[in-house]
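The report that follows describes a protein model for a reader at the bench. Please keep the sequence and the 3D view at hand while reading.

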Amino acid sequence: MSLSKGSKKFRISMLILIIEVLLPLVLLYALNHNYPMLGRITSAILVLGIIYLVVFK
Amino acid sequence: MVGRFWFTSPVFGTITYNKTPMELTLGSWLLSFLPILTVIILMLLFKWGALRASAMSWLVAVAVSLIAFGGSWLILAWSQVKALVLAANLLAIVWGALLLYSLASEAGTLRAIGLSIPRLSSDRSIQLLLIAWLLTSFLQGMGGFGVAVAVCAPILVGMGYDPILSIVMTTIGHAWAVSFGGMASAFESLIAVTHVSGMLIAPYSAILFAISFVPTGVIITLLGSGWKGVRHAFPAILAVSFTTGASLYLLNTNGFWSLSTIGPSLVGIATLVLLTRLPGYQGTKIAILNGNQEMNTWNVLVRLTPYILLVAIGFAVALIKPLNTLLNRVSISFPYPEITSGLGFVTPAESSPVIHPLSHPGMVLLVSVLLSYIVLRHEGMLNKNSPRRILSLTMHNLVDASLGMIVMAGVSTTMTHVGMTSTLARGIAETVSKVIYPALVPFVGVIGAFLTGTNNNSNILFGALQAEAASLLKLNIPLILAAQQAGGSMGSVMSPTKLIVGCITVGLGGQEGKVLRKLIGYGLIPITIIAIATAIWSWLLNGGA
């Protein structure tokens, strides 16, 4: 079953919303507990989420 | 400039630069302004949407903070966490208000209100004031999101008014109502970003809005009925302005600002209804038909359940002291550590604003929705498919709104934590006269809201800046914040995002530019009056200096 364009956009927006809500907390945890790799990955995804909004919204 | 530099702000406490602060130059000021400039250029010149432009502004703010203001990923992480807490507090209200609106829409409440108003009087001027001024304000108090214009403008078109004028009249009519509408989420955001007590800002805010009431009533009547109509309705405009303004002031000064749109709107409607008993404003009352059926009072009252319950529960939570104390026992607050940027800009350790989840406006809205659902389902006004439709409508509307608010809050907190807001404020304080600045404040609020589409985002974006600039200029901070709030409220109703909704409902889709030109001309009148009032008031508070 394929999703309509509207449903796909809605689900992606929902995913970005979840990313923007959860990742700052993960980033903070990574930086405070000295997990540099986790910190880098988290901040990269956080920024990519914002870039998605700039490009596709 | 090397060494220790500090200044004390009543808003932010002592702000200290321990190492090398970003020296205030045209370059540093422009860099600080870059995120805001990004939003302005992308939205005005490139016609980007608010969410997309905010996201770009976020990237610019982060890049500038990392490159030029000693930002770090740790500061970014804390800024985002603080932005989340700030946004979550507001989104609980926005989500609740949107859920209530979706429920009311599904149950036919909005249509019932629209059909009932003309029944109160057949006098054209009174009808116009009731629909374009007071009903729009009441609906804005219930939720907003462009609903006020979307519901009321078609009613006016149906009564024979020009579609463009219908949009303009309904838009100007509820411009004051945005700040305290939707359980005062915009006002709460101003408090959250500035840490200035709402009790200090609220009285100024009430008076500034009250000043705009008479011009608002006059503009609506002038557009709809001409000068003859203005002369006929002027006593009614004065009476409504007085009772509405007085109730707004009373609610605000007693801390009930979450009801400061609903309450005054109802008082205004009651005033006009009383005035229809006077010989000059009486008319022949006509039956109101919903399809082929005449709507009776009971039918209307049942459909109004969501709003009746909201007002009742809202007042009960705020006014019944034992209940309020009991609900306020549960509270949430987060401690934040001291944060120092690479250039030594220090944000002191602080706590997040205390949130009382059980007495929170979001909870009041949620309980109202649940109880209303039971009543409306029992009365057969909702069916078994209604919950799915209500949730679907709510979810589709709230995702982008939530993202926009979180991203915009992120821009504001990032700028604040590396000293960009402070640099902007210092620049303004050193270049703009303290006599002129208060008059500019409402227009800054207008620009923020016009661009971002909401009073909330305008307050989040500019609230801290306005507070700090006022502090540096030694101006009355609550007055300046009230002026920012008033400008934001009036700017948000003129924003393209809301205009699109209104224009579609009266068949003017694609002609938003034409409507906007007419709207700006009239809409700027109350804003200019507020700006002049702010400047005079500020001058008087400073002892004429």
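Helices (H or I, at least four residues) and strands (E, at least two) are here DSSP runs, numbered from the N terminus. On that basis chain A has two helices and zero strands. The radius of gyration of chain A, taken over C-alpha atoms, is 14 Å, well over the 10 Å that the globule rule (2.2 Å times the number of residues to the power 0.38) gives for 57 residues, so chain A is more spread out than a compact globule. The C-alpha trace of chain A spans about 45 × 20 × 15 Å along its principal axes.

This is a predicted model, in which local features need pLDDT of at least 70 and side-chain atom pairs count only at pLDDT 80 or more, while totals for chains, interfaces and linings use all residues. Residues are numbered from 1 along each chain as its sequence is written, and chains are lettered from A and ligands numbered from 1 in the order in which they are written.

The secondary structure of chain B comes to 22 helices and eight strands. A residue is called buried if 20 or more other C-beta atoms lie within 10 Å of its own, exposed if 12 or fewer, and partly exposed in between, with C-beta atoms placed from the backbone. By this count 55% of the 545 residues of chain B are buried, and in chain A 26% of the 57 residues are.

Three loop residues illustrate these classes.

| Residue | Loop | Other C-beta atoms within 10 Å | Class |
|---|---|---|---|
| Asn34(A) | between α1 and α2 of chain A | 8 | exposed |
| His195(B) | between α8 (181–194) and α9 (198–211) of chain B | 15 | partly exposed |
| His360(B) | between β8 (350–351) and α15 (361–378) of chain B | 22 | buried |

Phi of Asn34(A) is near 60°, a positive value in a residue other than glycine, and phi of His195(B) is likewise near 60°.

Two residues are in contact if their C-beta atoms, placed from the backbone, lie within 7 Å. Where the chains meet, 18 residues of chain A and 21 residues of chain B take part. On the side of chain A that touches chain B, α1 (5–32) and α2 (36–56) each supply at least two residues, and the largest share, 12 residues, comes from α1(A). If Ala, Val, Leu, Ile, Met, Phe, Trp, Tyr, Cys and Pro count as nonpolar, Asp, Glu, Lys and Arg as charged, and the others, Gly among them, as polar, this side of chain A has 13 nonpolar, three polar and two charged residues.

Within chain B, helix α20 (residues 477–492) and helix α22 (residues 512–541) pack at an angle of about 180°, with their axes 10 Å apart; the axes are lines fitted to C-alpha atoms over the stretch in contact, and angles run from 0 to 180 degrees between N-to-C directions. That makes α20(B) roughly antiparallel to α22(B) (an angle over 145 degrees). The residues in this contact include Ala483(B) and Gly487(B) of α20(B) and Ile527(B) and Trp537(B) of α22(B), and by class the contact has nine nonpolar, four polar and no charged residues.

Apart from neighbours within four places in sequence, His360(B) is in contact with Ala92(B) and Ile355(B).

Technical notes
Angles under 35 degrees count as roughly parallel, over 145 as roughly antiparallel, 65 to 115 as roughly perpendicular and the rest as oblique.
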